[in-house]
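Grab a pencil and pull up the model. Below are some exercises, each with a worked solution.

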Amino acid sequence: MSIDKYQETYIQNCFADRIGGANYGKGANSNKFEKIKRATSAAKKDYPNIELIDLGAYAPDEMADTGIVATLAAEAAKPENRGYADNGIPEFKEAAATYLAEVFGVEDIDPVNEVVHSSGSKPALAMIPSVFINPGDVAILTVPGYPIMGTHTKYLGGEVYNVQLTKQNNFLPDLASVPEEIALRAKLIYLNYPNNPTGASATTEFFSEVIEWAKKYNVIVIHDATYAALTYDGLKPFSFLSIPGAKDVGVEVHSLSKSFNMAGWSIGFVAGNPLVVKAFSEIKDNNDSGQFIAIQKAAAYGLAHPDITVKLVEKYSRRHDMLVLALNELGFRVEKPKGSIFLYVEVPLGVAGGRRFESGEDFSQFLIREKLISSVPWDDAGHFVRFSVTFEANSDEEEKRVIGEIKRRLSDVQFEF
């Protein structure tokens, strides 16, 4: 059924300013993910018989562990699990507290008052500004990074102050660079380590500095620990909450999406400062009715079996090793990250005697259109692309084949750096 011109204009003029108001949908979509999706679709259409290698993926390439799946099936069949979960079930909160203790060494988390489940980390980060942000308040975010908390800060009339993550500073934010005027107006600071997209990891010294800075300026720390369990080469999983004083100033947001192959299940938790957890729970209770109880119980099974993540770490570490070696043999200067599923690669200047790459987006478009290799561009703090080691491969030999194919496709190009 078509919409007449009057009704279309009427609806167009009703859109909120936060999404563009009367101009909503009329401008070009500049979202990097949408652009690469369009380029990927075009490449598949133009070259249907050539394998597209997806290094732009951010979801795991495997199913969840069979024990997790079996637990879901069993719990979904129980009538007592059919109702609303609201702010979660005790079993999941207890499993989360135990998980923090066993994997991260965080011993002092009270599952009753200091843990609440969330339907993944994204909704949690989206809701947290509603707990703190009034018009004119500031949230400090790092770039490149995950923008959701900043998006909702702006929706509420707040402001976002970006701190760049640079290679020179090991992709850690320079807190001293935040102007005093901004720090005094800030309510929130968002951190994410191991980091998306850089793969960088935080240190005890850095988190201690964060806690001291947060106390000085009365800022709440939100640490996104989505990739915290995915660490390599002897680096142990590391939690912000393991640092003395952390619970005084903030919370940590965990997700089972990457560390337990549960991306589509949308389950995670917020843990830390009891007052923040309580206020977040109240906001959450006015946004959703809780994740399905059977999913919470399946997730509790996963949290009780951290060996599931150990196997994933072995796989991702192996893939990182192979991809880093292949790229460096092609002339790139890439270092294996200490954590996460991502490899952050600085863009070449161009092709010898040919095109120049003015941005990460230029290089990403070159890769997908000419080499059928998908990536995600990042131009917030220098020109980089993000590769993911969650590409499709169901065996060690298949992993080697995919990496070999990447190297083969790029070997006929002489890049300038």
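The exercises go from the whole chain down to single residues.

This is a predicted model, where local features need pLDDT of at least 70 and side-chain atom pairs count only at pLDDT 80 or more, while totals for chains, interfaces and linings use all residues. Residues are numbered from 1 along each chain as its sequence is written, and side-chain values use heavy atoms, with hydrogens and water left out.

**Exercise 1. Work out whether the radius of gyration of the chain agrees with a compact globule.**

Step 1: take the rule, which is 2.2 Å times the number of residues to the power 0.38, with the radius taken over C-alpha atoms.
Step 2: put in 417 residues, and a compact globule should come out near 22 Å.
Step 3: compare with the chain, which has 22 Å, so the two agree.
Step 4: look at the dimensions too; the C-alpha trace spans about 60 × 55 × 55 Å along its principal axes.
Step 5: add burial. Of the 417 residues, 52% count as buried (buried is under 20% relative accessible area, exposed is over 50%, partly exposed is in between, using a 1.4 Å probe and protein chains only).

**Exercise 2. Check the length of helix α4, then find what covers its buried residues.**

Step 1: recall how elements are assigned: helices (H or I, at least four residues) and strands (E, at least two) are DSSP runs, numbered from the N terminus. The chain has 14 helices and 14 strands.
Step 2: the expected span is 1.5 Å times one less than the number of residues. For the 15 residues of α4 (residues 90-104) that gives 21 Å, and the end C-alpha atoms are 21 Å apart, so the helix passes the check.
Step 3: list the buried residues of α4; among them are Phe92, Tyr99, Leu100 and Phe104.
Step 4: find the cover, which includes β2 (115-118), β7 (250-255), β8 (268-272) and α11 (293-303). Contact here means heavy atoms within 4.5 Å.
Step 5: look at Glu102, which also sits in α4 but is exposed, with a relative accessible area of 57%.
Step 6: step past the end of the helix, where Gly105 takes a positive phi of about 75°.

**Exercise 3. Is helix α11 largely enclosed or largely open?**

Step 1: check burial. Ten of the eleven residues of α11 are buried, so the rest of the structure largely encloses this helix.
Step 2: pick out some of them, including Ile293, Gln296, Lys297 and Leu303.
Step 3: name the cover, which includes α3 (66-76), α4, β2, β8 and α12 (307-329).

**Exercise 4. Find which residues Ala186 touches.**

Step 1: place Ala186 in strand β5 (residues 186-192); at 4% relative accessibility, this alanine counts as buried.
Step 2: leave out residues up to four places away in sequence, and Ala186 touches Val138, Ile140, Asn218 and Val219.

**Exercise 5. Locate the cis peptide bonds at Pro144 and Pro194.**

Step 1: go from Val143 to Pro144, where omega is near 0°. Pro144 lies in the loop between β3 (138-143) and α6 (148-155).
Step 2: go to Tyr193 and Pro194, where omega is about -10°. Pro194 lies in the loop between β5 and α8 (204-217).

**Exercise 6. Asp233 and Leu372 each have a positive phi; decide whether each is buried or exposed.**

Step 1: Asp233 has phi near 55° and counts as exposed, at 63% relative accessibility.
Step 2: Leu372 has phi near 50° but counts as buried, at 4% relative accessibility.
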